[in-house]
Every structure is written in structure tokens, then in C-alpha cells.
Amino acid sequence: MSDAVVIGAGPNGLVAANLLADAGWSVTVLEEQPQAGGAVRHDRGVDPDFVNDLFSSFYPLAAASPIMRGLRLHEHGLRWSHAPHVLAHPLTDGRCAVLDRDLDVTAASLNHFAPGDGDAWRHLHDVWEGVRPDLLGALFTPFPPVRSGARLALRLRTAGGLRLARSLALPARRLGAEEFAGEGGRLLIAGNALHADLAPEAAGSGGFGWLMAMLGQTYGFPVPVGGSGELTKALLARLEAQGGTVQCGRAAEEVLVRDGRAVGVRTTDGEAVRAVRAVIADVSVPALYGHLVAPEHLPPQLLDDLKRFEWDFSTFKVDWALDAPAPWQTEEAAGAGTVHLADGVDELTRFAAQIAMGQVPDRPFLLFGQMTTSDASRSPQGTESAWAYTHIPQHVRGDAGDEKLTGAWDPQEQEVMADRVERQVERFAPGFRARVRARRILAPPTLQSLDRNLQAGAINGGTSALHQQLVFRPTPGTGRAETPVPGLFLASAGAHPGGGVHGAPGANAAHAALHRTAPTALAAVQRVLARRDRRGHKHG
């Protein structure tokens, strides 16, 4: 029996477990997969000489998060590395927008598209620097963010707050058109918005794209040295040093509720793992309320709202071992950790429209990761560990291409789609396919099989659209880690503030549990006995 049982050893679950252990709680983490990490893992499954991240790779939100910084993971072996450039967005005509941690480099890149656009970027950066501390504080704390929100409101009042609020609510296309004469700055905003499921015409996509671009400008898009799993390894080492335990291969079947309160978890092998004080759920919202918690413990309104829960786009990913770096037409792309591949904002709109119609895009917008460029330890000198992913519909109704993809994602369809991805790369890097030593396909069913939270490859725990954010996340009237079941707290990306490896949902759940659950005499005795056990003492 532990003070807290955490379901899921993804980054949010591990952050919650660490913070509870810091407070002196005994913590047991249950993980369904044979390996901890959730969507933060790597392997050598493409080629033994190459390290490939299975899911996420770049971590600007981790770098910016006061939660992650507060864990001091560098003391547990975590080291970060950066590519020469943060991001590049090449076009087939040879132009290329570059995002670099050096503001002068970014500005010079945008001036190549239109004189004066560099100064426009500097202005957006000045706005960011004026609100950054309190904006990040508001983003990473429970909703509503009372203290940081009040400070942010004060800053906004002196910085043209209504105008900034309007700008952040704009679609990426409109924000780009208002701020930039050329296409470079527009590409950086719109491309970054599509890291989530926000089309260039979606309300709020401008604000999201601006936020991601400014995070890159300030913090870069860093990667863990040695592979994404090194971040997980540091979280595990820290937790174990605090006495927490992680049990892999233990899938949760049911949240146990007694007298209206969560008291533990029943695993699929039938064991009841008891929790004295709290159950923390780093699981998807539909999994928690549609499976793990019996409906009689939930309000009818929540069950009705759950029918309207919207997932973000599905994901299709290809990993490569390349005999040489990608042969980009534009030199700037060679030095970027992340490369966006779409031939202009209009092509981004076309891509998003095809997904909205349920079609597999014929020219998929790709996020291309150059991992050896970002961290030389990932593959032998002169080679490149690389990947690309694209978004596709959750429910496929047709193929915008001429290959009749149905969304069954059987082996044949996976190969067809992977070839389509490689053809898109070839548009910007002719000769790319000749450099492929080996590839691995991670289609939506594969991603979900490796992490159940990634429903059909959805990587953000639910849409990032405004109708499912803030007080609407995960359902209207929620927005916090607390659930209708006392003692049960939601810690996944389905909770505010959403996807990304920043630890906020896990931290919010941990703080809510610490605040809501008062210590009991039994819990105190059990903690003392548990500590004695860890020191090797006996008790009767």
C-alpha cells in the first residue's frame, strides 16, 4: 500500500510521482508497457548503429518549464544538445525561412523575403519578452492562474493588452498577413501552429504559432543527449532516489472507488494496488471516464460531455537511418534540427483542408527531424538519424492522392504512405531516397500499441482548438486536475494546459492531491514503516 498510486509512467506521471515523493509520500507507479517513458522513448530498432526516438524528440516546452527546471534533472544525468539552427522552412524556389536562437540570424533570414520583416520579427520578440515570465507562469499553473494571471493582466494593461489579446486570437494566416510583408515570417507562424492540429485559418492558431516560434527563439528546440529516453531515465533516477517505485508491465483495469472516494487501482492481473491518499491518472480522458472509472461514480453531465470530446489529428511517422545527411536544395536547412516541408502557406491550408474533409493528404506537410545534426551521438559520423511525421484524419473517408488509401493502415497501406512521405522530402531534397539505409514505419495503430494514450496516433491528448482549452479542457467546466471522484486526479495531456513535455498536468495533479488530501494517522504510520523497510529494518 502506498500514499499514491500513479497510473502511467509517461513524463506527466513521473513528474507527479517525483513531486509527491518530494513531499514525503510513498508512491507506486503502474505502467502498462514493458518500459517507462510514455511518448518519451528511444531505441535502436531502425539500425543498430542509429538511435531513433520513437515519438517526441524536441523539447522547447521542457526547456521553458519552471516545473522541469525545478526538478534539476541535470543532477540525474540529463544533458541537452542543440542543432546549429532551431528550425528551417525551405521552399522549392530556393528561399528558406530560418528560426535561430540568435535573433539577428532569424531577422536576417526574414529580410530576404521582404525588407523590414526582420524588424517586424524583432517587434513580436519584444512583445514576447515583455510578457514571457508571467505568460509561462499562467500556462504552466492550474486554471485559473490567479497569481501569474494577475501579473500578466497588469503587464498587458501597460502593453496594449487588448491589441495583444486580439493578435493571439487571430488565425495564423491573418496574423502573418498583418505582421509581415513577405512569406518567411508567415511560414514560421503557420508551420509552428501545425505542430498541433491548428490550421492556418483556425482561431487562435496565430497565438499558438507565435508562442512556439518564440519558445524556439528563446530556448531553442533542445534534444536530450543520447536519445529522448534519457529524459525519462533522469526522471526515473530522481524518483528512485526519493524512494518511489515503478512497476512496468502492470496495466490498470479499474480505479477502485469506495464510499465515493478513489482508494486504489485494480490491475489486469486482478491485483488491487491500494492508495491511502490519492490516485493520479496519466491516462487519456476517454480512457479514464469511459473505462477505468465505473459510470455510476460519474455525473451524467460529464458522461454526456465526453461524447463531444475531440481528439487531435492522427499521426503517421517514418524513421530513417541515412548513409549521409539529407541533400537539401537550400543550405540553411542542413543546419536545422527541425525542417518544415510545405511549399508555402497556401499548401499548409490545402493540407489542413484535406484532413478536415477526412482525406489522407496527397502532399503531406512534414515535420522532419535531423537528430544527428542536433546531437552527434545519435549515429556514426557522416550519417544522419532522421524522422518525419505528418498529420492525417482520425477517421479516413478518402484519399486526396490517387493511391486509394482507406485508413486501414495494413502493411501495404503503410508502405504506400511511407513512399508518399519520402516523395514529399524529395521535393526539397532531391536524391534523399538514395541515402536511405533503412526505414521504420510507425502508423497510427503502431503508435497506439506502443502508448495507449496516443489514440490512433493523436499526440496531444485531445485537440488544441480553443473549444477544448482552458476551462473547456477536457470538458466544459473542468480545466483542473481534480475529478468528480475525490482522491482521483487527472495528470495527462488531456488536462490543462495540454500536450507537450512540460510536466504541467502532472505537477498540477500532484499539487492538487497534496492540497486536497489531509494526512491520516494510518498514513503516517505506514510511511514510517515503509521508510524503515527501505533502510533494511524489520518490523512485526
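**Questions on a predicted model**

Reader: Which residues is Q424 in contact with, leaving aside its neighbours within four places in sequence?
Author: Contact means heavy atoms within 4.5 Å. With neighbours within four places in sequence left aside, Q424 is in contact with L341, A342, E347, R363, P364 and L366.

Reader: What is the average pLDDT of the protein?
Author: This is a predicted model, in which local features need pLDDT of at least 70, side-chain atom pairs count only at pLDDT 80 or more, and totals for chains, interfaces and linings use all residues. Residues are numbered from 1 along each chain as its sequence is written, and side-chain values use heavy atoms, with hydrogens and water left out. pLDDT is the predictor's confidence in each residue, from 0 to 100. At least 70 is the score of 93% of the residues, and the protein's average is 93.

Reader: Over which residues is the pLDDT below 50?
Author: The stretch in question has six contacts in the model beyond near neighbours in sequence. Its pLDDT is below 50 over residues 532–540.

Reader: Is Q424 buried or exposed?
Author: Q424 is in helix 17; helices (H or I, at least four residues) and strands (E, at least two) are DSSP runs, numbered from the N terminus. Buried means under 20% relative accessible area, exposed over 50%, and partly exposed in between (1.4 Å probe, protein chains only). Q424 has 2% relative accessibility, so Q424 counts as buried.

Reader: K404 and W409 have a positive phi; which of them is buried?
Author: Most residues other than glycine have a negative phi. Phi is near 60° at K404 and about 55° at W409, and the loop between strand 18 (398–399) and helix 17 (411–428) holds K404 as well as W409. At 71% relative accessibility, K404 counts as exposed. A relative accessible area of 7% goes with the buried residue, W409.

Reader: Which prolines follow a cis peptide bond after R473 and H496?
Author: Most peptide bonds are trans. The cis bond from R473, with omega near 5°, leads to P474, in the loop between helix 18 (444–450) and strand 20 (488–490). In the loop between strand 20 and helix 19, the cis bond from H496, with omega near 5° as well, leads to P497. The two prolines are P474 and P497.

Reader: At what angle do helix 1 and helix 19 pack?
Author: Axes are lines fitted to C-alpha atoms, for helices over the stretch in contact, and angles run from 0 to 180 degrees between N-to-C directions. The axes of helix 1 (residues 11–22) and helix 19 (residues 504–516) are 7 Å apart, and the angle is about 35°.

Reader: Which residues of helix 19 make the contact with helix 1?
Author: From helix 1 come N12, V15, A16, L19 and L20. From helix 19 come A504, P505, G506, A507, A510, H511, A513 and L514.

Reader: How many nonpolar residues are in that contact of helix 1 with helix 19?
Author: Ala, Val, Leu, Ile, Met, Phe, Trp, Tyr, Cys and Pro count as nonpolar, Asp, Glu, Lys and Arg as charged, and the others, Gly among them, as polar. The contact has no charged residues and three polar ones, and the nonpolar residues number ten.

Reader: How many residues does the largest nonpolar core have?
Author: In soluble globular proteins, nonpolar side chains tend to be buried together. A nonpolar core is a set of buried Ala, Val, Leu, Ile, Met, Phe, Trp, Tyr and Cys residues joined through side-chain atoms within 4.5 Å. In the largest core, W121, W128, W210, L215 and I280 have the most contacts inside it, and its residues number 89.

Reader: How many residues are in the second, separate core?
Author: F368, I392, A418 and A429 are included in this core. Its number of residues is 30.

Reader: Which residues of helix 9 are buried?
Author: Helix 9 (residues 183–193) is mostly covered, with nine of its eleven residues buried. They are G184, G185, L187, L188, I189, A190, G191, N192 and A193.

Reader: How far apart in space are V98 and H85, C-alpha to C-alpha?
Author: V98 lies in strand 7 (residues 96–99) and is buried, with a relative accessible area of 4%. Not counting residues up to four places away in sequence, V98 touches H85, L87, A88, V105, T106, S109, L188 and E332. V98 and H85 are 13 residues apart in sequence, and their C-alpha separation is 7.3 Å.
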